[in-house]
Amino acid sequence: MQQLLLSQYESIKGARQALFTYCITIDNADLFKPVAAFNDSCMIDLLVHNTNTYIHWLKNFGMDGTEPFHETTDIKNIKDVEILYKEIDLIVNDFLGKYSSNYEELLIKKNPRREVIVTVTPLQLFTHVITHEFHHKGQILTMSRLLGYIPADTDVIRT
């Protein structure tokens, strides 16, 4: 199962790289431009938010870490974002390794950001962070379209 999930994550990284390659073609100022239709968030906000989602659920919840979250204000360009995702790749590898003997194990823990108990499996955590990333990837492409760009194909299967 671990090899299957690692293979799936490689596909996700490929789609993510397609997004980064597209973002390089966007004027840097536009990457930081607030988009009214998205509550004045910018594309960089969503990219950083995605990294923080991986940190929160896989590292801090799933592996009892205390990793700090990233701030958009620390990012100057898309290359800075790519560096953050290299850290996320390490977290994913560590997480998938930690639970490789049982991805269906029930984890019953307090959410480190809220005072609620969460019951979830490692497979659900992994599924959550990757689908969350793809949700926001679609929003980023929509934001770029609203700013006058023609979005690239960033799907796992690109034609």
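Is Ile-108 buried or exposed? With a relative accessible area of 58%, Ile-108 is exposed, where exposed stands for over 50% relative accessible area, buried for under 20%, and partly exposed for what lies in between, with a 1.4 Å probe and protein chains only.

The model is predicted, so that local features need pLDDT of at least 70 and side-chain atom pairs count only at pLDDT 80 or more, while totals for chains, interfaces and linings use all residues. Residues are numbered from 1 along each chain as its sequence is written, and side-chain values use heavy atoms, with hydrogens and water left out.

Ile-108 is found in strand 1 (residues 107–110); helices (H or I, at least four residues) and strands (E, at least two) are DSSP runs, numbered from the N terminus. Together with Leu-106 and Ile-117, Ile-108 forms a nonpolar patch on the surface, with about 340 Å² of accessible area in total. Such a patch joins nonpolar side chains (Val, Leu, Ile, Met, Phe, Trp, Tyr) within 5 Å, taken from residues with over 30% relative accessible area and no salt bridge, a salt bridge being a side-chain nitrogen of Lys or Arg within 4 Å of a carboxyl oxygen of Asp or Glu.

The largest nonpolar core has 46 residues, of which Ile-44, Leu-47 and Tyr-54 touch the most other members; a core is a set of buried Ala, Val, Leu, Ile, Met, Phe, Trp, Tyr and Cys residues joined through side-chain atoms within 4.5 Å. Helix 3 gives the most to this core, with 10 residues.

Helix 3 (residues 43–62) also holds both Trp-57 and Phe-61, 4 residues apart, about one turn of the helix. Their rings form an edge-to-face aromatic pair, 5.2 Å centre to centre with 65 degrees between the planes, where rings of Phe, Tyr and Trp (its six-membered ring) pair if their centres lie within 6.5 Å, and planes under 30 degrees apart count as stacked, over 60 as edge-to-face and the rest as tilted. Trp-57 is buried at a relative accessible area of 16%, and Phe-61 is buried at 1%. The charged end of Lys-109 sits over the ring of Phe-61, 5.4 Å from its centre, the criterion being NZ of Lys or CZ of Arg within 6 Å of the ring centre and within 35 degrees of the ring normal.

Two loop residues have partners further along the chain.

| Loop residue | Partner | Sequence separation | C-alpha to C-alpha |
|---|---|---|---|
| Ala-37 | Thr-142 | 105 residues | 9.7 Å |
| Tyr-99 | Pro-122 | 23 residues | 6.8 Å |

Ala-37, in the loop between helix 2 (28–31) and helix 3, is exposed at 62% relative accessible area, whereas Tyr-99, in the loop between helix 4 and strand 1, is buried at 4%.

How values were computed: Patch = residues over 30% accessible without salt bridge, like charges linked within 9 Å, V, L, I, M, F, W, Y side chains within 5 Å. Areas by Shrake-Rupley, 256 points an atom, 1.4 Å probe, with all protein chains shown as cover.
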